[in-house]
Amino acid sequence: MSTDQHPEAKGRAGGRVVVVTGGARGIGRAIVDRFTTEGASVIIGDLTDPGEVATGLDMTGQREWITLDVTDELSVQEFAKSVATGHGGVDVLVNNAGIMDTRTLANETVADWDHTMAVNLRGPFLMAKHLVPLMDGRSDSAIVNIGSIEGIGANALHASYAASKAGVHGLTRALAVDLGPVGIRCNAVAPGWIDTDLNRNYVDKHPNQAQAVTDLASLHPVGRIGDPADVAAAVLWLASPDAGFVTGQVITVDGGRMTRLSIPASLADD
Ligand SMILES: NC(=O)c1ccc[n+]([C@@H]2O[C@H](COP(=O)([O-])OP(=O)(O)OC[C@H]3O[C@@H](n4cnc5c(N)ncnc54)[C@H](O)[C@@H]3O)[C@@H](O)[C@H]2O)c1
């Protein structure tokens with residue numbers, strides 16, 4: 001569906017059909033909001049009904065929710081069928097749904113490992129497998145995967161999470177190579193610390209939350225942690241024709257955290 005077919009469409013994603021997994025809350029919700037504001041029709045695929053977790057979320061107009069479990073191929077196939085029936089195709093797929101698992105190696109069972117891999121890595125694979133056929137005949141189609149700076153470095157106790165996100169970055173490059181010839185670009189965004197439910201627990205359980213927030217901000221050259229909207233802005237650009245010559249890339253959106261080399265406090269100038 002191009003803007004030509006929808007002369008009334010406007011905005012940077014006007015007339016585009018956009019699928020966002022895990023769009024009920026957090027980063028996914030911000031991506032949904034941004035694409036909707038920019039004129040897209042957005043389909044949220046999530047385990048959770050966004051109306052239940054986001055009070056005041058406007059589900060009318062250019063957005064709808066279809067139940068989806070990205071780990072389950074049947075669920076993904078049903079989802080793809082509904083999207084095809086309702087919209088005739090897809091222009092942009094944003095693989096955002098993800099979970100974090102924090103365990104020692106000794107405590108991590110095979111089931112724990114497999115579950116993280118199923119959501120974070122099998123999910124994007126299944127979504128691409130069953131939604132790419134819906135991109136057939138569209139122009140400027142794009143997949144944007146949400147990876148992580150933990151696909152580049154790693155926090156303690158994050159073996160399955162870090163491995164899954166490194167896998168997402170690899171999948172991104174592989175799909176860019178395979179799908180480029182059929183006109184589909186594939187990139188990833190690797191967010192740093194973004195203020196969502198996923199990591200708010202770390203701050204909430206800290207005895208001095210204000211200090212924890214200040215300490216976190218100080219890790220970032222830009223002086224703050226990230227907002228879900230920061231990630232949404234990068235996704236919008238990667239999905240747009242403005243990024244038409246960009247594929248197979250992992251764009252870090254972390255306020256410079258990964259760029260600044262660490263130095264002991266005793267040797268720092270200030
Ligand atoms: N928050 C951060 O700091 C951060 C940093 C780097 C990467 N990320 C990545 O960004 C993405 C979104 O993170 P978030 O912080 O918004 O998380 P979140 O926990 O706030 O939201 C995740 C969403 O995914 C959905 N989901 C979970 N399992 C699913 C499944 N099997 N099928 C369909 N939907 C499912 C949840 O219902 C929820 O709506 C994840 O891939 C995460 O790894 C987050």
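1. Let's start in the middle of things, with strand 6. Both of its faces are covered: on one side Ile184, Cys186, Ala188 and Ala190 are buried, and on the other Arg185, Asn187, Val189 and Pro191 are buried too. Put as a count, eight of the eight residues in strand 6 (residues 184-191) are buried. As a reminder on how to read those two lists, side chains in a regular strand alternate between the two faces of the sheet. Bear in mind throughout that this is a predicted model.

2. Who sits beside strand 6? Strand 5 (residues 141-146) pairs with strand 6 in the parallel sense, over six bridges. If you want one pair to click on, take Asn145, whose bridge partner in strand 6 is Ala188. That same Ala188 is on the buried list in point 1.

3. Now zoom out to the whole sheet. It is open, has seven strands in the order 3-2-1-4-5-6-7, and the pairing is parallel. The edges are strand 3 (63-67) and strand 7 (250-253), each of which pairs on one side only. On average, neighbouring strands are turned by 20° against each other, ignoring direction.

4. Another pairing to look at is strand 1 (residues 17-21) with strand 4 (residues 92-95). These two pair in the parallel sense over three bridges. Here Val20 stands opposite Val94 of strand 4.

5. Next, the helices lying across the sheet. Helix 1 (residues 26-37) lies across strand 1, strand 2 (41-46), strand 3, strand 4, strand 5 and strand 6, and runs at about 170° to strand 1. Helix 8 (residues 228-239) lies across strand 4, strand 5, strand 6 and strand 7, at about 165° to strand 6. So that you can place strand 6 in both descriptions: helix 1 lies across strand 6, and helix 8 lies across strand 6 as well.

6. Finally, a helix-helix contact. The axes of helix 4 (residues 110-131) and helix 5 (residues 159-179) come within 9 Å and cross at roughly 15°. Because of that angle, helix 4 counts as roughly parallel to helix 5. The crossing is right-handed.

7. Which residues of helix 4 and helix 5 meet? Helix 4 brings Asp112, Trp113, Thr116, Met117, Asn120, Leu121, Pro124, Phe125 and Ala128, while helix 5 brings Ser160, Tyr161, Ser164, Lys165, Gly167, Val168, Leu171 and Leu175. By type, this contact has ten nonpolar residues, five polar and two charged.

Notes
Residues numbered from 1 in each chain as written. Predicted model: local features only at pLDDT ≥ 70, side-chain atom pairs only at ≥ 80, totals over all residues. Axes fitted to C-alpha atoms, helices over the stretch in contact; angles between N-to-C directions. Helix = DSSP H or I, 4+ residues; strand = E, 2+ residues; numbered from the N terminus. Parallel < 35°, antiparallel > 145°, perpendicular 65-115°, else oblique. Left-handed = near helix turned anticlockwise from the far one by under 90°. Contact = placed C-beta atoms within 7 Å. Nonpolar A, V, L, I, M, F, W, Y, C, P; charged D, E, K, R; others polar. Buried ≥ 20, exposed ≤ 12 C-beta atoms within 10 Å, placed from the backbone. Pairing = 2+ DSSP bridges.
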